[in-house]
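Let's take a friendly walk through this fold, with the sequence and coordinates open beside us. The stops along the way are charged pairs, the nonpolar interior, a surface patch, the cysteines and two backbone angles.

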Amino acid sequence: MAQNIEQWYKETPIITRSYLTLCFVTTAGCALELISPFSVYFNAKLIFRKFQVWRLFTNFFFFGSLGLDFVFHMFFLARYCRMLEEGCFRGRSADFLFMLLFGAALLTCAAPFVNVQFLGSSLTFMMVYVWARRNEHTNMSFLGLFNFTAPYLPWVLLLFSMMLGSSPVVDLLGMGAGHTYYFLEDYYPRMSGRRVLRTPGLLRALVPDNRG
């Protein structure tokens with residue numbers, strides 16, 4: 001069992017593996033009281049007035065207590081983050097990282113207006129949305145109750161989350177960020193012949209593409 005987990009971890013693409021590791025370490029550190037959630041949550045005043053700039057990043061790594069909800073979020077993060085990186089972003093690690101950074105920037109700009117302190121779930125939902133739009137002919141099933149195609153997956157998950165009593169704000173933020181990226185990266189270039197989003201050269205230098 002341990003060898004299977006180790007093998008799965010080593011075979012996971014670099015960006016997905018790095019993000020999963022940061023999420024697990026941060027959440028576990030808070031659960032073990034090695035880190036305080038109050039030191040990692042998003043707070044615009046502390047970031048810009050007290051220069052606690054690490055909060056711009058750490059709020060994406062915390063997923064609450066180590067319970068079923070954490071397992072649920074890690075499953076979706078590992079599944080859809082990996083499928084994106086191994087699918088439409090295969091051999092383009094820098095482009096994939098740029099997508100995540102672009103989404104994180106959008107979510108960060110929106111967070112002060114909706115009073116959300118942790119944006120990791122929204123970023124995960126963004127990945128689900130982008131994967132769903134880029135795999136529009138994939139057939140899916142929800143708990144064996146009904147079938148649908150991939151583009152409806154974010155809406156199905158949103159309704160299910162609301163049925164469980166969760167606020168739709170976090171998921172809607174992710175869908176908004178995902179749709180903005182999809183529109184600018186996939187739809188707008190086909191419509192206008194111009195690309196708006198381009199991965200910076202510095203990011204390509206830091207994260208070399210593996211096209212092998």
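## Salt bridges between helices and loops

R134 and D186 join their side chains in a salt bridge, with an N to O distance of 2.6 Å. Because R134 belongs to helix α7 and D186 to helix α9, the pair ties together parts that are 52 residues apart in sequence. This is a predicted model, so please read each distance here as a property of that prediction. The two partners differ in their surroundings: R134 is partly exposed, at 23% relative accessible area, whereas D186 counts as buried, at 14%.

Helix α9 also takes part in another link, between E185 and R195, whose closest N and O atoms are 2.9 Å apart. E185 sits in helix α9 and R195 in the loop between α9 and α10 (201-206), 10 residues apart, and the pair is one that links distant parts of the chain. Here E185 is buried, with 16% relative accessibility, while R195 is partly exposed, with 42%.

## A pair within one helix, and a network

How many salt bridges does a search of the whole structure find? The search finds 6. One of them connects R82 with E86, with 3.0 Å between the closest N and O atoms. Both residues lie in helix α5, and their spacing of 4 residues is about one turn of the helix. R82 is buried, with a relative accessible area of 15%, and E86 is partly exposed at 28%.

Charged side chains also come together in a group of three: R92, D95 and R204 are linked in a network of salt bridges.

## The nonpolar core

Turning to the interior, the largest nonpolar core has 55 residues, and the ones with the most contacts inside it are Y19, F96, M99 and M127. At least two core residues come from each of α2 (14-31), α5 (68-86), α6 (93-114), α7 (120-134), β1 (139-142), α8 (153-163) and α9 (169-192). Helix α6 gives the largest share, 10 residues. As general background, nonpolar side chains tend to be buried together in soluble globular proteins.

M127 is a handy residue to select in your viewer. Which residues does M127 contact, leaving aside neighbours within four places in sequence? They are Y19, L77, C81, L84, F96, M99 and L100. Of these, Y19, F96 and M99 also appear among the core residues with the most contacts, alongside M127 itself.

## A nonpolar patch on the surface

Some nonpolar side chains are found at the surface. F113, V114 and V169 make a nonpolar surface patch of about 290 Å². V114 is located in helix α6 and counts as partly exposed, with 33% relative accessibility.

Not counting residues up to four places away in sequence, V114 touches V169 and L173. V169 is thus a contact of V114 as well as a fellow member of the patch. For a sense of scale, V114 and I15 are 99 residues apart in sequence, and their C-alpha atoms are 28 Å apart in space.

## Cysteines without disulfides

If you are wondering about crosslinks, the structure holds 0 disulfides. Why is C81 not bonded to its closest cysteine? The closest cysteine sulfur, in C23, is 8.9 Å from the sulfur of C81, and that is too far for a bond. C81 is buried, with 1% relative accessibility, and is one of the residues in contact with M127.

C88 is in no disulfide either: its nearest cysteine sulfur, that of C81, is 11 Å away. Unlike buried C81, C88 is partly exposed, with a relative accessible area of 31%.

## Two positive phi angles

Finally, a look at the backbone. E33 has a positive phi, near 60 degrees, and is a residue other than glycine. E33 lies in the loop between α2 and α3 (44-49), where E33 is exposed with a relative accessible area of 72%.

F51 likewise has a positive phi, of about 60 degrees, although it is not a glycine. F51 is in the loop between α3 and α4 (55-58). Is the side of the chain at F51 buried or exposed? F51 is exposed, with a relative accessible area of 62%.

Key
Residues are numbered from 1 along each chain as its sequence is written. This is a predicted model: local features need pLDDT of at least 70, side-chain atom pairs count only at pLDDT 80 or more; totals for chains, interfaces and linings use all residues. Side-chain values use heavy atoms; hydrogens and water are left out. A nonpolar core is a set of buried Ala, Val, Leu, Ile, Met, Phe, Trp, Tyr and Cys residues joined through side-chain atoms within 4.5 Å. Buried means under 20% relative accessible area, exposed over 50%, partly exposed in between (1.4 Å probe, protein chains only). Contact means heavy atoms within 4.5 Å. Patches are made of residues with over 30% relative accessible area and no salt bridge: like charges are joined within 9 Å, nonpolar side chains (Val, Leu, Ile, Met, Phe, Trp, Tyr) within 5 Å. Accessible areas come from the Shrake-Rupley method with a 1.4 Å probe; for residues, only the protein chains shown count as cover. A salt bridge is a side-chain nitrogen of Lys or Arg within 4 Å of a carboxyl oxygen of Asp or Glu. A disulfide is a pair of cysteine sulfur atoms within 2.5 Å.
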